[in-house]
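I opened the notebook to look up a few local features in this structure, and I write down below what I found for each.

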Amino acid sequence: GSEMCIRDSVNITSTGSETVQANVFDILGKQVLTTENANRVNIQSLTSGMYIVKAVQNGAITTTKLIVE
């Protein structure tokens, strides 16, 4: 998978016209953020650390490691 180091927001890139749902989980697996049909996720409320972003579009799931500085 890929890894991102971010401070304030995450861009979600869509591969088509279908909506994208993005879920952010902490390292313990607890869901801390969720968005529906957003191309930008505001992560300013998250504390520094490592998270997992799971983006779902049309049944396809993409998982990315996120490091919040």
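These entries cover an acidic residue, a pocket and a loop position, in that order.

**Entry on Asp26.** I worked from a predicted model, and I began with Asp26, which I located in strand β3, residues 20–26. Is Asp26 buried or exposed, and which side chain of opposite charge is nearest? I noted that Asp26 is buried and has no salt bridge, the nearest side chain of opposite charge being that of Lys30, 5.6 Å away. The cut-off for a salt bridge is 4 Å between a side-chain nitrogen of Lys or Arg and a carboxyl oxygen of Asp or Glu, so a separation of 5.6 Å does not qualify. I then looked at the backbone of Lys30, and found that the side chain of Asp26 reaches the backbone nitrogen of that residue at 2.9 Å. Leaving aside residues up to four places away in sequence, I listed Val32, Met50 and Tyr51 as the residues that Asp26 touches.

**Entry on the largest pocket.** I recorded a volume of about 250 Å³ for the largest pocket. Of the 14 residues in its lining, those closest to the centre are Ile12, Thr13, Val20, Ala55 and Thr62. I found that β2 (9–11), β6 and β7 are the elements that give two or more residues to this lining, and that β6 gives the most, with 4 residues.

**Entry on Gly59.** I placed Gly59 in the loop between β6 (49–57) and β7 (60–68). Gly59 counts as exposed because its relative accessible area is 68%, where the cut-off is over 50%. I also checked Gly59 against Val20, and noted that the two are 39 residues apart in sequence and 9.8 Å apart in space, C-alpha to C-alpha.

Notes: Residues are numbered from 1 along each chain as its sequence is written. This is a predicted model: local features need pLDDT of at least 70, side-chain atom pairs count only at pLDDT 80 or more; totals for chains, interfaces and linings use all residues. Side-chain values use heavy atoms; hydrogens and water are left out. Buried means under 20% relative accessible area, exposed over 50%, partly exposed in between (1.4 Å probe, protein chains only). Lys and Arg count as positive and Asp and Glu as negative; His and the chain ends are not counted. A polar contact is a pair of N or O atoms within 3.5 Å; within protein, one must be able to donate a hydrogen and the other to accept it, and residues adjacent in sequence count only if both atoms are side-chain atoms. Contact means heavy atoms within 4.5 Å. On a 1 Å grid over the protein atoms alone, a cavity is a set of points where a 1.4 Å probe fits but cannot get out, and a pocket is an open set with protein on both sides within 12 Å along at least five of seven lines; lining residues have an atom within 4 Å of a point. Grid points are joined across faces, edges and corners, and a volume is the space filled by probe spheres set on the points.
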